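Me: I'd like a close look at one part of this fold, the open sheet. Could you walk me through how its strands are put together, and then set that against the rest of the chain?

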Amino acid sequence: MQKIIFLIYLFLLLSNPVWSKSINDSVEIYLLNQLDDPRGFCIDIKGHKLKAQINKGLQAHTCYSYQGEISPDQGFNSLKLTKNQFILPSFNVCMEASSLKASTNLKLEKCDRNKLQNFEWSNKNEIRLISNRKLCLTVGQEQSKKGGGGTPVHLMRNLSLELCNKSLNSYQAWSVRK
C-alpha cells in the first residue's frame, strides 16, 4: 500500500506542469526517522554541495532542504526513480552497490543500468537492491559525526546495504520530497 501511495505521489509530483518541465527535477531521499537531527537525514555525496567528491561515495547527512532548496549533492532525478535508477543529475552519476553482499558500501559510477545500480522501493518504504532483494539501504546505527558547517552543525552517518530487518525499520525506511 505504501509503495502505491509513493508512486501516486511521484505521479502527481511529475504531472504538475510547473514541475514536469525538466527531466532533471530533483527530489531528496530522506530517512523517515529523524534520529538525532530534527532536520532529518538524506542520501548525500560526501563533500560539500557542488564540490562533493563522487569518488568518496555516499553517506547519510543532514538534509539541506531546510535551507529552502534541494542541494545538488542530495538531489535525485525524480523521473528516473520511478524506473529504479538513483541518478544524481548534477554529477551525472548513479548510486551503485559495491557488491551483492550484506554490509557493502555505496559508491557512485557512470550510469549503465548494471545489476548493482538497480534499486526499488518496497511496500515498507525500503530501498532494496533488485539483484539481492534481501539487502536494504541502511543508515548506520552509530552515533552521528559532526560535519564542518550548518547552524546547528550538520550531522553525518554511514550508509550501507544491510539485510532488511523489521527491527532496523528506523534506519531503513525512506521517502522523497521536493
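Reply: Here's the sheet, followed by a buried residue, the main pocket and some whole-chain numbers.

Some ground rules: this is a predicted model, where local features need pLDDT of at least 70, side-chain atom pairs count only at pLDDT 80 or more, and totals for chains, interfaces and linings use all residues. Residues are numbered from 1 along each chain as its sequence is written, and side-chain values use heavy atoms, with hydrogens and water left out.

The open sheet has seven strands in the order S5-S6-S7-S13-S10-S9-S8, and the pairing is antiparallel. Strands here are DSSP runs of E with at least two residues, helices are runs of H or I with at least four, and both are numbered from the N terminus; two strands pair if DSSP finds at least two bridges between them. At the edges sit S5 (87-88) and S8 (119-121), each pairing on one side only.

Now go through some of the joins. S7 (residues 104-109) pairs with S13 (residues 159-163) over two bridges, antiparallel, and Asn105 stands opposite Ser160 there. S13 also joins S10, by five antiparallel bridges, with Leu161 of S13 as the bridge partner of Leu137. S10 (residues 132-139) then meets S9 (residues 127-129) through two antiparallel bridges, where Asn132 of S10 faces Leu129.

Next, Phe76, which lies in strand S4 (residues 76-77). Phe76 counts as buried because its relative accessibility is 0% (buried means under 20% relative accessible area, exposed over 50%, partly exposed in between, with a 1.4 Å probe and protein chains only). Leaving out residues up to four places away in sequence, Phe76 touches Ile87 and Leu88, among others including Val27, Ile43 and Phe86; contact means heavy atoms within 4.5 Å. Residues 87-88 are edge strand S5, so to speak the sheet's link to Phe76.The largest pocket holds about 160 Å³ of space, a volume being the space filled by probe spheres set on grid points joined across faces, edges and corners. A pocket is an open set of points on a 1 Å grid over the protein atoms alone, where a 1.4 Å probe fits, with protein on both sides within 12 Å along at least five of seven lines; lining residues have an atom within 4 Å of a point. Its lining has 13 residues, with His48, His61, Tyr64, Gly149 and His154 nearest the centre.

Overall, the protein chain has three helices and 14 strands, and 47% of its 178 residues count as buried.
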